[in-house]
Each structure stands twice: as C-alpha cells, then as structure tokens.
Amino acid sequence: MLCPFLTNYGISSETKSVLKPVHKFLGVNTFVLSVITIISGLTQLIRFKDTPSEPYSSLPAYGVLGNLIGISAVLYAFGIGFIVINPSFQREQNIREIFSQQFED
C-alpha cells in the first residue's frame, strides 16, 4: 500500500528513471519464468497423466490441446517480449511527471 504512494509522490523523477530499467528487467524475468512454468506444467500433465510408458506420438486428444496451449503461450510471450523491448512502444511522459518536473525546478 505504501509503494504506489512513494513512487508517485515521494521519489524524484531521476530516481524513477534509474529504477525503470530494473523494474523492466525484473518484470520480464518474472513473465518468462511464468511461461516456463506453464510449459513444464502442461508437459507434465500431458506426458504423465494416464500411462507414462506410452510413446509421445500416441497421445490422446488432450495431448494435442495441451500442445496448442503451450504453443500459444510461447507465441504470446514472444509478442509481449517484443512490445516490452521495442522502444517505439514505450509511452511518453505523462502530465503528472511533466508537472512534477516543473515544480522541482
């Protein structure tokens, strides 16, 4: 509850600009780890659900559905990663940041 208040009012814009790359790095890492968790959970569910000794090529219909969900998760992760890394998608300064810089001077 205290962090949003501090980031909007208690921290200078220079500190915010220093913390932004760290925030971006940690957010991307958390997102990538969550996608890895999705993929490993789906693989475990598909591969070891009924009979772990069956070959992978003879999976039932839920195996195909799980593979499609996994591919969708990976494509979604690539899309989000492209948006986060590409500088043309970054927002400009908002009005509050502009006004706070004027009042700090």
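The legends below describe several views of a predicted model of one protein.

**View 1. The whole chain is built from helices, with no strands among its elements.** In this predicted model the secondary structure comes to four helices and zero strands, and the elements follow the order α-α-α-α when read from the N terminus. Of the 105 residues of the protein, 9% count as buried.

**View 2. Confidence varies along the protein, from helix α4 to helix α3.** The average pLDDT of the protein is 79, and 70% of the residues score at least 70. Helix α3 has the highest confidence, with a mean of 90, whereas helix α4, made of residues 95-104, has the lowest, with a mean of 60. Where pLDDT is low, the predicted coordinates should not be read in detail.

**View 3. Helix α2 carries a bend at Leu19.** The bend at Leu19 is about 30°, and the proline Pro21 follows within four residues. Because a helix is expected to span 1.5 Å a residue, the 36 residues of α2 should cover 52 Å, and this agrees with the 51 Å that separates its end C-alpha atoms. The buried residues in α2 are Ser13, Val35, Leu42 and Ile46.

**View 4. Helices α2 and α3 pack against each other.** Helix α2 covers residues 13-48 and helix α3 covers residues 61-85, and their axes lie 9 Å apart at an angle of about 170°. Since angles over 145 degrees count as roughly antiparallel, α2 and α3 are therefore roughly antiparallel to each other. Sorted by class, the residues in the contact of α2 with α3 are 16 nonpolar, four polar and one charged.

Conventions
Residues are numbered from 1 along each chain as its sequence is written. This is a predicted model: local features need pLDDT of at least 70, side-chain atom pairs count only at pLDDT 80 or more; totals for chains, interfaces and linings use all residues. Side-chain values use heavy atoms; hydrogens and water are left out. Axes are lines fitted to C-alpha atoms, for helices over the stretch in contact, and angles run from 0 to 180 degrees between N-to-C directions. Helices (H or I, at least four residues) and strands (E, at least two) are DSSP runs, numbered from the N terminus. Angles under 35 degrees count as roughly parallel, over 145 as roughly antiparallel, 65 to 115 as roughly perpendicular and the rest as oblique. Ala, Val, Leu, Ile, Met, Phe, Trp, Tyr, Cys and Pro count as nonpolar, Asp, Glu, Lys and Arg as charged, and the others, Gly among them, as polar. pLDDT is the predictor's confidence in each residue, from 0 to 100. The expected span of a helix is 1.5 Å times one less than its number of residues. The bend at a residue is the angle between axes fitted to the seven residues ending there and the seven starting there. Buried means under 20% relative accessible area, exposed over 50%, partly exposed in between (1.4 Å probe, protein chains only).
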